[in-house]
Amino acid sequence: MTSTSHAPTSGTPAASDPGRPTGPLSRLPVPSIRVQKGVALANVIAQIGIMTTGVTVRVTASGLGCETWPQCNEASFVPVPGAAPALHQAVEFGNRLLTFVLAAVAVALLLAVYRAGRRRGLKALAWAMPAGILAQAVIGGITVLAGLAWWTVALHLLPSMILAWLAAVLFVRIGEADTAPPRRVMPKPMTWLTVLSAVLLTGVLTTGTMVTGAGPHAGDARITAADRLQMPIQWLVHFHAELMVGYVCLLIGLLAGLVALRTEGPAIRRSAILIGLIAAQAVIGITQYQLGVPELLVVAHVTLAGAITAVTGALWAAGVIRDRVPA
């Protein structure tokens, strides 16, 4: 679906707007707001999905199925029979291939934003997607070349969470008009609570990577316990859990404040959804700890962490909005 209208209410500039693209890009159809939001949503899903495949690599001990980077092994960019177990090669190489899918979605989103002549802030957010993917590819290569050292694995996951957060902000912002001035929806104290929630979430995610670094899933069977994070996992689990409790208590207070102040917009709904997701995450986290960290629950735990991060980004973006545009 495309739109040839450049009226300000559609989120695209007027014909005289200097932000309107020229050159080869101008030959592309102008994407409607609905199309832009669809590609932005696909980007959010893809950012979370790459975390799912990444953690699958880890729990199946396939992290060195491709033992080097950017090649899969010393002789080839693709798996070579016998160089490693076939399953491990397939899982690790499949995760690498999905990076190209993620990059294609990011480029499509960037082109849509530029072709629609959207405002500078949206273009900056759109550029963050391919730039972040490129950085992640480099970090992933360092992780493999470092033999899956636990701290490199942690550094590999956290940027993906940042990209999921930014992708959700972009999804929200892309549905707002470019010409209307921003207006505050949340009262200022509530806005600061959303900022604090992002800070606490950062602590939750960081300690979560430390739990994984001390846990049983090293990413490859050749990695010994001596190569893992040398801290008591019970202590790390409790610290991680306490930060999560603080995070959800803050969100409950935020939701109560938003309801009491009758805040308009989607902030109340997103807060409620976020609390529900965290409750589900707590159940999964407690269950996986009691059952000895089974692989399937680890995949679910990381995937849900990505979803929680994205919704936190969407909640933050709800604090100050522009006028909505028609779909």
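User: Which residues form a nonpolar patch on the surface, and what makes it a patch?

Analyst: Trp 69, Leu 134, Val 138, Ile 142 and Leu 145 form it, with about 480 Å² of accessible area together (Shrake-Rupley, 1.4 Å probe, only the protein chains shown count as cover). Patch members have over 30% relative accessible area and no salt bridge; nonpolar side chains (Val, Leu, Ile, Met, Phe, Trp, Tyr) are joined within 5 Å, like charges within 9 Å. A salt bridge puts a Lys or Arg side-chain nitrogen within 4 Å of an Asp or Glu carboxyl oxygen. This is a predicted model: local features need pLDDT of at least 70, side-chain atom pairs pLDDT 80 or more, while totals for chains, interfaces and linings use all residues. Numbering starts from 1 along each chain as its sequence is written, and side-chain values use heavy atoms, without hydrogens and water.

User: Why is Ile 142 called partly exposed?

Analyst: Its relative accessible area is 44%. Buried means under 20%, exposed over 50%, partly exposed in between (1.4 Å probe, protein chains only), so Ile 142 is partly exposed. Ile 142 is in helix 3 (a DSSP run of H or I, at least four residues; strands are E, at least two; numbered from the N terminus).

User: Which residues touch the most other members of the largest nonpolar core?

Analyst: Among them are Leu 109, Tyr 247 and Ile 308, in a core of 58 residues. Such a core joins buried Ala, Val, Leu, Ile, Met, Phe, Trp, Tyr and Cys through side-chain atoms within 4.5 Å. Helix 8 gives the largest share, 12 residues.
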